[in-house]
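User: I am a first-year student and would be grateful for a close look at the nonpolar core of this structure. Please begin there and then show what lies around it.

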Number of protein chains: 2
Amino acid sequence: MANKVMSVDAIHDLAKTTLMKFGADAENAGAVADTITMAERDGCVSHGLFRLPGYVATLKSGKVNGEARPTVKTLAPAVVQVNGHNCFAPHALKAGRASLIEAAKTCGIAVMPMIGVHHFAALWPDLEEVCDAGLAAFACVNYKPSVIPAGGKKALYGTNPIAFGWPRPGKSPMIFDMATSVMARGEVGVAARDGHPIPEGVGVDADGNPTTDPNEILKGALLAFGGYKGSSISMMVELLSGAMIGESFSYEAAVRDIADGGPPQGGQFIFAINPTLVRGDDGWSEHAEGFFDKIYEQDGTRLPGDRRYQNRAKHLETGVEVSPIILEKIAGL
Amino acid sequence: MANKVMSVDAIHDLAKTTLMKFGADAENAGAVADTITMAERDGCVSHGLFRLPGYVATLKSGKVNGEARPTVKTLAPAVVQVNGHNCFAPHALKAGRASLIEAAKTCGIAVMPMIGVHHFAALWPDLEEVCDAGLAAFACVNYKPSVIPAGGKKALYGTNPIAFGWPRPGKSPMIFDMATSVMARGEVGVAARDGHPIPEGVGVDADGNPTTDPNEILKGALLAFGGYKGSSISMMVELLSGAMIGESFSYEAAVRDIADGGPPQGGQFIFAINPTLVRGDDGWSEHAEGFFDKIYEQDGTRLPGDRRYQNRAKHLETGVEVSPIILEKIAGL
């Protein structure tokens with residue numbers, strides 16, 4: 001069956017109406033639909049409509065409240081806490097974003113601890129509007145254990161993605177967004193399905209022994225990227241999105257989760273920095289652009305996010321090709 | 001020749017008097033001697049007395065001002081800028097630290113851009129006192145190009161270390177501190193000296209081609225750890241300690257540097273976070289300790305810094321064994 005070409009607006013409508021069909025109100029559904037649509041628009045298929053059944057599962061199970069009203073509380077001049085009251089993360093983020101931006105614009109740096117949210121998407125959509133306001137930003141989130149701590153044998157950390165964004169006035173921001181595991185669990189699943197081995201250094205079996213068999217890794221755990229260094233970064237993510245903000249570590253989220261196929265309740269940690277105040281002048285943008293030029297000067301390099309922006313330009317013009325298998329799944333929900 | 005056992009105080013005296021002999025005043029010399037002594041005390045030999053000839057070289061060349069008086073300026077409620085006026089970084093850090101801690105305690109998060117400094121040490125000594133004040137903290141610094149951007153062939157990034165610390169009231173903080181290159185340049189130098197090959201994936205030759213020959217890597221460049229992921233983090237370090245604070249990128253520092261064997265002028269980026277304000281209560285420590293217990297539960301794991309603290313306990317009792325070669329070099333300065 002051929003892929004179906006859908007406009008970005010049509011993707012948004014499909015996501016929103018589907019979520020509303022299962023109990024989300026317009027605001028909650030709209031925020032999640034925005035995130036799903038951004039992913040499809042930018043070619044990040046694994047975070048697009050593909051996730052809709054997972055979102056719906058948590059609405060059906062009642063784990064997520066589709067009518068939640070996030071509350072925003074200033075805990076200190078540079079701390080804007082958002083409590084999602086069990087909403088999906090994009091809705092909570094939308095509720096707090098303006099206050100985060102304002103605090104960072106005033107104080108120079110500000111942090112937004114997000115508690116009581118369910119994160120099931122990429123991190124770059126969370127940073128783009130913050131960067132478009134002229135701020136650099138960082139975000140991280142934990143999930144459920146699937147990565148072993150360096151030297152250990154059992155999963156304790158989530159795939160714990162981190163993202164960092166740099167504003168580029170007049171252009172789309174530079175944002176990198178990466179799991180701190182060597183490989184995504186989904187990629188291991190694809191290899192298992194297709195019968196391909198996995199390179200060494202990606203995962204371990206249920207006993208914690210290194211293996212290249214994707215089926216064994218699925219029963220076991222993944223490794224952090226870059227050995228003990230990536231493992232330390234993954235630990236930092238646990239601390240920032242766990243104890244720092246008063247939300248679950250990955251192992252706590254898993255214990256509490258009802259495994260309905262959707263994201264567990266957890267926290268998200270974001271901070272934003274105002275380079276104009278930190279540097280004391282407006283020269284940061286020209287300075288950084290000169291640095292980016294130095295990167296591009298070398299053949300074979302690119303900036304993180306370049307491919308997303310190329311996809312975006314194309315898809316806004318031509319529409320997005322969506323797999324009929326995913327559309328069938330959504331229709332059958 | 002046997003190693004000489006020196007007390008921690010004797011190491012401090014030697015470092016301080018040597019720096020003062022070459023024009024540093026008591027304050028500047030004392031701050032650097034503190035950092036050198038912490039490194040020797042904790043078993044980080046490559047950042048201890050071994051670095052003293054490099055510090056002295058920059059005093060002799062006049063690149064570093066051994067009588068500088070760093071100035072501290074509050075640029076915004078959560079921004080404490082320190083201008084070192086060409087001092088060594090430890091002195092500037094000491095000048096600004098109390099203001100950084102105060103800003104973070106008040107605002108919840110605060111950043112300390114350090115400009116006009118020369119950084120030639122590990123990062124963990126910069127964070128320890130901040131963490132002991134009950135704050136989490138992050139630091140990074142660039143240097144001179146020795147790492148290629150992912151996909152490229154020529155060095156553009158420094159080895160760009162990052163450090164993150166988490167306070168543990170009643171205990172020494174957890175602090176990790178790591179270069180974002182796969183391997184330190186010094187380790188490649190040791191392999192070249194001893195005639196050992198270097199594992200694949202560590203470096204490239206002068207034409208940007210992968211090689212395992214340490215001599216070729218020394219003429220060429222290193223890779224970031226963990227492939228494109230580590231490369232993105234190294235780029236973030238360049239942005240934070242360069243354009244963000246109004247200081248040099250690594251490639252700018254190298255152009256300006258006179259290559260006297262000591263550190264170039266550059267910047268350092270530090271921020272501190274108050275978990276009590278970000279979380280809204282004091283539960284963060286107990287929560288994090290439970291998480292650390294989960295790590296330790298697994299045989300083979302440890303927390304970053306554990307080895308340093310073991311060395312510290314031992315060396316404070318027994319003194320530190322110092323190589324006679326280093327002591328001769330210092331005596332001959």
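Analyst: The model discussed here is a predicted one. Its largest nonpolar core has 164 residues, and A:Trp166 and B:Trp166 are those with the most contacts inside that core.

Which residues does B:Trp166 contact, beyond its neighbours within four places in sequence? Within chain B, the partners are B:Cys131, B:Ala136, B:Pro173, B:Met174, B:Trp284, B:Ala288 and B:Phe292. From chain A, A:Leu239, A:Ala243 and A:Met244 are also in contact with B:Trp166. The surroundings of B:Trp166 therefore include residues of both chains, since contact means heavy atoms within 4.5 Å.

This leads to the interface. In total, 73 residues of chain B are in contact with 73 residues of chain A. The size of an interface is often given as the accessible area lost when the parts come together. For chain B and chain A that area is about 5500 Å², with 77% of it on carbon and sulfur atoms. In chain B, the residues that lose the most area to chain A are B:Lys229, B:Met244 and B:Phe291, which together account for 13% of what that side buries. How many salt bridges cross the interface of chain B and chain A? The rule finds zero there.

The strands come next. In chain A, strand E4 (residues 109-118) is mostly covered, with 10 of its 10 residues buried. Strand E3 (residues 79-88) of chain A runs parallel to E4(A), and five bridges join the two. One of the pairings places A:Cys87 with A:Val117 of E4(A) as its bridge partner. E3(A), helix H4 (residues 89-107) of chain A and E4(A) form a β-α-β unit, and this unit is right-handed. E4(A) is also joined to strand E11 (residues 266-273) of chain A, by seven bridges in the antiparallel sense. There, A:Ala110 stands opposite A:Ala272 of E11(A). E4(A) thus has a parallel pairing with E3(A) and an antiparallel pairing with E11(A). In a regular strand the side chains alternate between the two faces of the sheet.

Chain B offers a further example of strand pairing. Strand E2 (residues 71-76) of chain B and strand E3 (residues 79-88) of chain B are antiparallel and pair over five bridges. B:Thr71 in this pairing stands opposite B:Asn83 of E3(B). The connection from E2(B) to E3(B) is a hairpin through two residues.

Charged pairs complete the view. Although none are found across the interface of chain B and chain A, the structure holds 32 salt bridges over all chains. One of them is formed by A:Asp42 and A:Arg312, whose closest N and O atoms are 2.6 Å apart. This pair links distant parts of the chain, 270 residues apart: A:Asp42 lies in the loop between helix H2 (26-41) and helix H3 (52-61) of chain A, and A:Arg312 in helix H12 (residues 306-318) of chain A. Both A:Asp42 and A:Arg312 are buried.

A second salt bridge in chain A joins A:Arg97 and A:Glu129, with the closest N and O atoms 3.4 Å apart. A:Arg97 belongs to helix H4 of chain A and A:Glu129 to helix H5 (residues 124-132) of chain A, so that this pair also links distant parts of the chain, 32 residues apart. Are these two partners buried or exposed? A:Arg97 counts as buried because its relative accessibility is 12%, under the 20% cut-off. A:Glu129, at 48% relative accessibility, counts as partly exposed.

In chain B, B:Arg312 and B:Asp42 form a salt bridge whose closest N and O atoms are 2.6 Å apart. B:Arg312 is in helix H12 (residues 306-318) of chain B, while B:Asp42 is in the loop between helix H2 (26-41) and helix H3 (52-61) of chain B, 270 residues apart. B:Arg312 counts as buried at 12% relative accessibility, and B:Asp42 is buried with a relative accessible area of 0%. Back in chain A, salt bridges that share partners join A:Arg41, A:Asp42, A:Glu128 and A:Arg312 into one network.

Note on methods: Residues are numbered from 1 along each chain as its sequence is written. Chains are lettered from A and ligands numbered from 1 in the order in which they are written. This is a predicted model: local features need pLDDT of at least 70, side-chain atom pairs count only at pLDDT 80 or more; totals for chains, interfaces and linings use all residues. Side-chain values use heavy atoms; hydrogens and water are left out. Buried means under 20% relative accessible area, exposed over 50%, partly exposed in between (1.4 Å probe, protein chains only). Helices (H or I, at least four residues) and strands (E, at least two) are DSSP runs, numbered from the N terminus. Two strands pair if DSSP finds at least two bridges between them. A crossover is right-handed if, with the strands pointing away from the viewer, the path from the first strand over the helix to the second runs clockwise. A nonpolar core is a set of buried Ala, Val, Leu, Ile, Met, Phe, Trp, Tyr and Cys residues joined through side-chain atoms within 4.5 Å. Buried area is the accessible area (1.4 Å probe) that two parts lose on being put together, summed over both. A salt bridge is a side-chain nitrogen of Lys or Arg within 4 Å of a carboxyl oxygen of Asp or Glu.
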